[in-house]
Amino acid sequence: MERRFAQQVALVTGGAQGLGYGIARRLGREGATLALLDHHAEQLGRARQALTEEGIAVDVLEADVSHRAAVHRAVEALHESRGRIDVPWRWNR
């Protein structure tokens with residue numbers, strides 16, 4: 001598979017399940033370091049484990065996207081740990 005996103009950090013909201021997870025997985029398979037933002041802690045844990053088992057680097061950020069301050073804190077934490085966000089992806093249900 002092409003590594004179009006190698007050396008890039010991809011933030012995916014709603015990334016713990018469904019379409020958001022599928023998008024995150026594809027980005028990871030194409031070389032991105034993932035940051036999954038979701039409010040389902042248990043599903044985030046399962047997503048992290050599954051992606052890590054595939055050799056994909058992944059961080060999880062627990063926040064409800066309907067709470068601006070929580071999202072802001074999560075994005076700040078990502079900036080502190082990874083230094084940047086190259087690929088923002090927002091999934092609206």
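The exercises below work through a β-α-β unit and the nonpolar cores of a predicted model.

**Exercise 1.** Determine which residues of helix α1 are buried, and how they are placed around the axis.

*Solution.* Begin with the extent of the helix: α1 runs over residues 18-29, and its 12 residues reach 17 Å from the first C-alpha to the last, close to the 16 Å expected at 1.5 Å a residue. Next, taking buried to mean under 20% relative accessible area, one finds Gly20, Tyr21, Ile23, Ala24, Leu27 and Gly28. These residues cover an arc of only 160° around the axis, which puts them on the same side of α1. In general, an α-helix has 3.6 residues a turn, so residues three or four places apart point the same way.

**Exercise 2.** Describe how strand β1 is enclosed and how it pairs with strand β2.

*Solution.* Five of the five residues of β1 (residues 9-13) are buried, so this strand is largely enclosed by the rest of the structure. Sorting them by face, Val9, Leu11 and Thr13 lie on one side, with Ala10 and Val12 on the other. As for pairing, β1 and β2 (residues 33-38) run in the parallel sense over five bridges, and Thr13 stands opposite Leu37 in β2. Together with α1, the two strands make a right-handed β-α-β unit.

**Exercise 3.** Identify the elements that supply the largest nonpolar core.

*Solution.* This core has 17 residues, and Leu27 is among those with the most contacts inside it. At least two residues come from each of β1, α1, β2 and α2 (41-53), while the largest share, four residues, comes from α1. Apart from this core lies another, of nine residues, including Leu11 and Leu78.

Notes:
Residues numbered from 1 in each chain as written. Predicted model: local features only at pLDDT ≥ 70, side-chain atom pairs only at ≥ 80, totals over all residues. Heavy atoms only, no water. Expected span 1.5 Å × (residues − 1). Buried < 20%, exposed > 50% of the residue type's maximum accessible area, 1.4 Å probe, protein only. Arc of directions from axis to C-beta. Pairing = 2+ DSSP bridges. Right-handed = clockwise from strand over helix to strand, strands pointing away. Core = buried A, V, L, I, M, F, W, Y, C linked by side-chain atoms within 4.5 Å.
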